[in-house]
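The questions below ask why certain terms are applied to this structure. Each answer sets a value against a definition and concludes.

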Amino acid sequence: MARVIVGVCGGIAAYKTPLVVRALMRHGHEVSVIPTPASTSFVGVATWEALTGRRVATGVFDHPWQVEHVEVTRTADLIAVIPATANTLAGMRAGLADNLLLSTILSADAPVIAFPAMHTNMWTNPATRDNVEALRARGVDVVDPVDGDLSSGDRGIGRMPDPDDIVDHLLARLSPGLLSGRRVVISAGGTREPLDPVRFLGNRSSGRMGCALARAARDLGASVVLVHANVEAGLLPRGVELVSAPCAERMAQAMRRHRQGADLVVMAAAVADYRPRHRAQTKIKKEGAQARCLVVELEPTTDILAELSTIREADELIVGFAAETGDHRSFLDLGKEKARRKGADLVAINKVGNSEGFGDVDTQVFLVDQQGTLLGDFSGTKDVVASALMTTLADRLSARV
Ligand code: CTP
């Protein structure tokens, strides 16, 4: 049983929050709700009091049960803000304390997770981007909203994930211990293979999935090493050991070193299969014959996943990712074939294409074993998928002992 404070902000998505509160309570967690004053225009205090059986206040000066509130703040295991508005995110970033929710967040030791919901224009506004980045850098888990219908009648990114997905995410967060004492090594991002001092061959991987997996493993109590290639600094999680490995060769070295003593190794990085055979020491010039056609000779890189899977020193669980294009059937078949070929214990197959799989988008992942048996099918934001996937991998590890 965990003690959870659910903060509720003034957005239309607040009408979904009672479902999350009820589900958490059904799972045996103790929930206290702190709505912002604005949110009570959407869901009233009476609803929260009836649902939780606890007194509910919105302002800093709502006596006389303040002592009880202080106790709740001190003993909370998690603060979940559902939904988080642009206004509250800005207040959290600035350290404001002009309502009970903000002052609780400012004073509590518990980790904070926020599920923003707002119009696309507010979510993409540089002010909000900046606030989200700053909060993430301070360790607040800001879960990306999803793409879909918005209350304005528009469609776009900014919709709060469905209550069931939020509950799954929170339950995964609230079951620390599943990976406690475990060492987890994860690779993320896309390698860049240098052509000359200013150019490289790269790919479109953002590293979001690997970072989300590292956060999920950290939240389940693991000690995590994240080997990252060219991932935006703002995306990198806190509370994990970060190792930079910008090209395939550096990643191979880092993975060989850090896999020692690991219980779980996940290769989520998009590693280049080929690199230029020769790296020019000075910038390649567009002159002479090269002005018409530049021929670059490529040589294969180390297949890190295959190497880690072949040379095993311990009983670690090795998981690869397979980025596949094609229709539903052919990409599943291709992924299953890859699971066998690479010798990894499991492969998470994820569909990629022009508009799928890369960056800040929803994703769908199928987990298969070496026999090609489908073990799970996860969809939603990368955070939601990562936490469901990591919980499944943790269960699998526990079942091995
Ligand atoms: N991988 C790796 N080393 C490489 C290339 C890929 O460790 N040099 C890993 C990736 O991290 C991923 C898995 O192999 O976990 C599958 O990557 P993917 O690009 O889907 O497959 P490839 O092996 O490159 O095969 P193909 O491009 O033919 O689909």
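**Sheets, helices and single residues**

Q: What makes up the open sheet with mixed pairing, and in which order do its strands stand?
A: In this predicted model, the open sheet with mixed pairing holds 8 strands, in the order 12-11-8-13-16-17-18-19. Strand 12 (241-244) and strand 19 (374-380) have a single partner strand each, so they stand at the edges, and one side of each is left without a neighbour in the sheet. From one strand to the next the twist averages 15°.

Q: How do you know that strand 17 and strand 18 pair?
A: Pairing requires at least two bridges between the strands. Strand 17 (residues 346-351) and strand 18 (residues 363-369) share 5 bridges and pair in the antiparallel sense. One of the partnerships puts Leu346 opposite Asp369 in strand 18.

Q: How do you know that strand 18 and strand 19 pair, and in which sense do they run?
A: The cut-off is again at least two bridges, and 6 bridges join these strands, which run antiparallel. Thr363 has Gly380 of strand 19 as its bridge partner. The hairpin of strand 18 and strand 19 has 4 residues between the strands, and Gly372 takes a positive phi near 85° there.

Q: Which strands does helix 13 lie across?
A: Helix 13 (residues 382-400) lies across strand 8 (183-189), strand 13 (264-267), strand 16 (317-324), strand 17, strand 18 and strand 19. Its direction is at about 155° to that of strand 19.

Q: Why is Thr381 called buried?
A: Buried means under 20% relative accessible area. Thr381 has 4%, and therefore counts as buried. Thr381 is found in the loop between strand 19 and helix 13. Beyond its neighbours within four places in sequence, Thr381 is in contact with Val143, Asp144, Pro145, Val146 and Asp362.

Q: Why are helix 8 and helix 13 called oblique to each other?
A: Helix 8 (residues 163-173) packs against helix 13 at an angle of about 50°, and their axes are 9 Å apart. Roughly parallel means under 35 degrees, and roughly perpendicular means 65 to 115. The angle of about 50° falls in neither range, so the two helices are oblique. The crossing is left-handed.

Q: Which residues meet where helix 8 and helix 13 are in contact?
A: From helix 8 come Asp165, His169 and Ala172; from helix 13 come Asp383, Val384, Ser387 and Thr391. By class, this contact has 2 nonpolar, 3 polar and 2 charged residues.

Q: What makes helix 1 oblique to helix 8?
A: The axes of helix 1 (residues 17-26) and helix 8 come within 9 Å and cross at roughly 40°. That angle is not under 35 degrees and not in the range 65 to 115, so helix 1 is oblique to helix 8. This crossing is right-handed.

Q: How do the residues in the contact of helix 1 with helix 8 divide by class?
A: Leu19, Val20, Ala23 and Leu24 in helix 1 meet Pro163, Ile166, Val167, Leu170 and Leu171 in helix 8. They divide into 9 nonpolar, no polar and no charged.

Q: Which strands stand at the edges of the open sheet with parallel pairing?
A: This sheet has 5 strands in the order 2-1-3-4-5. Strand 2 (30-35) and strand 5 stand at its edges, because each has a single partner strand. Within the sheet, 4 bridges join strand 3 to strand 4 (residues 112-116), and the two run parallel. Ala84 has Pro116 of strand 4 as its bridge partner.

Q: What makes the peptide bond between Ile82 and Pro83 stand out?
A: Most peptide bonds are trans. The bond joining Ile82 and Pro83 is cis, with omega about -10°. Pro83 has its place in strand 3 (residues 78-84).

Q: Why is Gly139 called partly exposed?
A: Partly exposed lies between the limits of 20% and 50%. Gly139 has a relative accessible area of 33%, so it is partly exposed. Gly139 lies in the loop between helix 7 (126-137) and strand 5 (141-142). Leaving aside neighbours within four places in sequence, Gly139 is in contact with Val112 and Arg238.

Note on methods. Residues are numbered from 1 along each chain as its sequence is written. This is a predicted model: local features need pLDDT of at least 70, side-chain atom pairs count only at pLDDT 80 or more; totals for chains, interfaces and linings use all residues. Side-chain values use heavy atoms; hydrogens and water are left out. Axes are lines fitted to C-alpha atoms, for helices over the stretch in contact, and angles run from 0 to 180 degrees between N-to-C directions. Contact means heavy atoms within 4.5 Å. Buried means under 20% relative accessible area, exposed over 50%, partly exposed in between (1.4 Å probe, protein chains only). Angles under 35 degrees count as roughly parallel, over 145 as roughly antiparallel, 65 to 115 as roughly perpendicular and the rest as oblique. A crossing is left-handed if the near helix is turned anticlockwise from the far one by less than a right angle, and right-handed if clockwise. Ala, Val, Leu, Ile, Met, Phe, Trp, Tyr, Cys and Pro count as nonpolar, Asp, Glu, Lys and Arg as charged, and the others, Gly among them, as polar.
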